[in-house]
Amino acid sequence: MRLIFQKLLNGIAIGSVYALFALGYTIVFSILRVINFAHGAVFTVGTYLTYALTGAAFGRNGQLRNASLPVELNFWLALVLGALGAGVIGVIVERLAFRPLRRRGSDPLLTLVSSLGVAIAVVNILQYLFGAENYSFGETLGSMRASVTVVGGELPVVVRTKQIVIFVVSMVMVVALTFLVNRTRTGKGLRAVAEDLTTARLLGIDTDRLIRLSFFISGVLGGIAGALIGLAGSFNYQFGVAIGLKGLAVIVLGGLGDIPGAVVGGLVIGVAEAFVPAEYNAYKDAVPFVVLLVVLLVRPQGILGRAQVQKV
Amino acid sequence: MLDFLNSQGTIYVSMVLGGVLGLSLYLPLLAGQLSLASPGFYALGGFVAAVLSTRTFDVEGTYPVHLVLVEFVVAAVLCGVLAFVVGLAALRLTGIYLALATIAFVEVLRVFTLNLELTGGAVGIFAIPQPFGTQLSYLWLAGPLLIAAALFTWRLEKVRVGRAFAAVREDELAAASMGVDTTRAKITAFVLGGVLAGLAGVIAAHQINTWSHRQASFDASIAYLAFVLIGGSRTFLGPVAGGLFLTYLPEWLREQAKHEFLPTWAAEFLRTGRFIIYGVLLAASCVFFPRGLITPEFLARIKRIGRGGGRPRGQDVRQPEPETVA
C-alpha cells in the first residue's frame, strides 16, 4: 500500500511535466493539424537557457568553452526568462519551417520534415556551442529542504522537493493555459482558428498572429518542461529526443489536439511508467509506445475524444 | 584511382543502401500509406545477419557470400511475416495516425533489442564476420539489390498490383467500390517495404561490422522519409536519388573541411557542425523544392532534351499536380 502510494506520487510528478510538454504539441496541432517535430528541440533550448541564466558555466567541449553569462539569477527567474526565450525560438521555428509552406498550401507531411530539419539544426547548434557532455543544475533551489515526508513512521513516503516543484509549476501552467484558451478574447480567437482556419480568416481574425502566438505558448510550455526535467536529473543536447517521442504517445492517448486530453494522457503515461516492476525497469521506455499502439488500435480518437464521422 | 575508391568505399555502400531504404519507404507510399517502420525492419534484418553469422554459422576465415544469401532469405521471411502482422493491425489507420503507430512500432522494437540477450543488449553484437576484404566490394551485394529493387518498383507501377496501389492512394473508397481489395493492396505494399528494409539491414550489418539497438531510431525514420520527400515522391527515381544524395551530403561536407584555403573556424565548423548544415538544407529543400528534386515533369523534360526536341510546341495546358505526398 505504502509502495503503491509512493509510486503514484512519483508517477504524477513526472506525468505532470509530460503533460506540460505535450500541451506544447497539442496547442500547435489543434490549430495547424500538424505535429511540430521541432518541439523537442525547443524544449532542449529552454533547458540550456535556464541553465545559462542561473550563471552556471559550460563545459570544455563546445565552442563556448567554460563560458558563462555575467548574470547569476535564481532558479525561478531563470526559469521564467528561459521559458520566454524558448517561446521566441518557437516563433522563429514557425517563421522558418511552417509559414513558407503554409503560404503555398503544401502537404502537412512536408512540414513534418521541414520542422525536423530545423530541429536537427537547433540541436546540433547546441552541441556545437556547448559540447556533448551532460549538465545538471546544482543546488539551485536555495534554502529549500531536499525532501518532504508525506507519511511518517517506519516506512515513510518521501517526496523530493524537486518533484513538488515540478508538479506545482506544471499544474499552474496547465490552469493558466486553460484560462487563456477558455476565458479570454485571445483564447476565443485561438479556438476559432482551431475550428476552421479559413473561416476564421474570412471573419477578420488575424490568423498569422494567432499561429505565431500558439508557437510562442508552445515554446514557453516546452521550455518550462525542459528546465523542470533538467532539474530532476541531468541533461545533454540530445535529451529532447526521448521526451519528444513520449510526448507523441501522450497526445495520441489524450486525443490529438485535445487540451484536457493531453493533461490526462501525460498523467496516465507518467503513472504507468512508475508502476513498471523494478525487474522490468529496462523495458520502461517501451511503455508509452505500447500504450500508444494499443490506443491507436482500440480507440484512435483518444481517451477523452469523440469519434469523428468520416465524411466522403 | 582504385585506392581512392576503396578509401571512399564505406560511403558509397552506405549511399546505395540509402537508395534502397528510400525505396522501402516509397513502396508503402505507393498505396498511400505513410509508414515510418523501415528502420525497425532494417534493424531486424541486421540482427538476423549478426546473430546467424556470429552464433549459428561457425566459419573459419573469410565469410562465404552464399551464407549472406541464406541470411537474405531468413531476413526476408522474418521481416515479411512481421510486416504482415503489424500491417494487419496498423493499416486500419491513416495519415499521421499510421505514421505515429509505425514510430511506436520502431521504438518498441528498439527497446526489446536493447534488452534481449540474443541481440547483445546495450552494446549490441560485435565482430560480425566480413565476406569481403574491402568496403568497396560490398557494392557487389548492395548494387544488385538497389538495381533489382528499383527495376521491381518501376515494373510494379505498370502491372495490375501496382495499379491497385495507385487506385488506393488516389481514393480508397472509389478503389474499393471498383472491386480492388484495398486491405490486400495496402498490406502487400507494407510487406514489400519491410522486406526491402530488412535486406538492406543484412548488408549493412556485415559492412559496418557491429550492430546494435541504435539502428532502429526515430531519427532514422525521419531521415528515410526525407530521402523520399526531398528526392521526390512521385517517381521511383526520387527516393533512390534522395537516398544517394542525402547519405553523401554529411560526408561531402566533412571532406570539404580538408581544403587548405579555408580559415580554421570554417574548417572546424564543417567538421563538427556539419549536421547544422544538413538540418538547414533539409528544411530549405522542403521550402524551395516542395515536390522533391526529381518530379515526373523533370523526367519528361529530360526525355525531350534527349530526343533533341527542346520545349514542346503549343501551350502545355495540363494543370501541375498539387503539392501532395500521399
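Student: Before we start, what counts as a salt bridge here?
Tutor: A salt bridge is a side-chain nitrogen of Lys or Arg within 4 Å of a carboxyl oxygen of Asp or Glu. Please keep in mind that this is a predicted model.

Student: Which residue does A:Asp208 meet in a salt bridge?
Tutor: The partner of A:Asp208 is A:Arg102, with an N to O distance of 3.2 Å. A:Asp208 belongs to helix 8 (residues 207–232) of chain A and A:Arg102 to helix 3 of chain A, so the pair links distant parts of the chain, 106 residues apart.

Student: Is A:Arg102 buried or exposed, or in between?
Tutor: A:Arg102 is partly exposed, its relative accessible area being 22%.

Student: Which residues are linked with A:Arg102 in a network of salt bridges?
Tutor: The network joins A:Arg102 with A:Glu94, A:Arg103 and A:Asp208.

Student: How many salt bridges are there over all chains?
Tutor: The count comes to 12 over all chains. One of them is between A:Glu273 and A:Lys246, where the closest N and O atoms are 3.2 Å apart. A:Glu273 sits in helix 10 (residues 259–274) of chain A, and A:Lys246 in helix 9 of chain A, 27 residues apart.

Student: And those two, A:Glu273 and A:Lys246: buried or exposed?
Tutor: A:Glu273 is buried at 4% relative accessible area, and A:Lys246 is buried at 13%.

Student: What about chain B: which residue does B:Arg234 meet in a salt bridge?
Tutor: B:Arg234 meets B:Glu170, at 3.7 Å from N to O. B:Arg234 lies in the loop between helix 10 (218–231) and helix 11 (237–256) of chain B, while B:Glu170 is in helix 7 (residues 160–170) of chain B, so the pair ties together parts that are 64 residues apart in sequence.

Student: Where do they fall on accessibility, buried or exposed?
Tutor: B:Arg234 counts as buried at 19% relative accessibility, because the cut-off for buried is under 20%. B:Glu170 counts as exposed at 56%.

Student: Changing topic: how many salt bridges cross the interface of chain A and chain B?
Tutor: The rule finds zero salt bridges across that interface. Two residue pairs are in polar contact between the chains, both at pLDDT 80 or more.

Student: So what area do the chains bury between them?
Tutor: Chain A and chain B bury about 3700 Å², and 78% of this is on carbon and sulfur atoms. The contact involves 39 residues from chain A and 44 residues from chain B.

Student: Which helix of chain A gives the most to the side that touches chain B?
Tutor: Helix 4 of chain A does, with 13 residues. By class, the side of chain A that touches chain B has 31 nonpolar, five polar and three charged residues.

Student: On the chain B side, what is B:Glu107 in contact with, leaving aside its neighbours within four places in sequence?
Tutor: B:Glu107 is in contact with A:Leu245, A:Phe289 and B:Phe218. Its place is in helix 5 (residues 95–115) of chain B, and B:Glu107 is buried, with a relative accessible area of 6%.

Student: Last topic: how many residues has the largest nonpolar core?
Tutor: That core has 186 residues, and A:Leu248, B:Leu23 and B:Trp211 have the most contacts inside it. Helix 9 (residues 182–208) of chain B gives the most to this core, with 14 residues.

Student: Which residues does B:Trp211 contact, leaving aside neighbours within four places in sequence?
Tutor: Its contacts include B:Tyr42, B:Phe47, B:Ile125, B:Ile128 and B:Ala204.

Key. Residues numbered from 1 in each chain as written. Chains lettered and ligands numbered in written order. Predicted model: local features only at pLDDT ≥ 70, side-chain atom pairs only at ≥ 80, totals over all residues. Heavy atoms only, no water. Contact = heavy atoms within 4.5 Å. Buried area = accessible area lost by both parts, 1.4 Å probe. Polar contact = N/O pair within 3.5 Å; in protein donor to acceptor, adjacent residues only side chain to side chain. Helix = DSSP H or I, 4+ residues; strand = E, 2+ residues; numbered from the N terminus. Nonpolar A, V, L, I, M, F, W, Y, C, P; charged D, E, K, R; others polar. Buried < 20%, exposed > 50% of the residue type's maximum accessible area, 1.4 Å probe, protein only. Core = buried A, V, L, I, M, F, W, Y, C linked by side-chain atoms within 4.5 Å.
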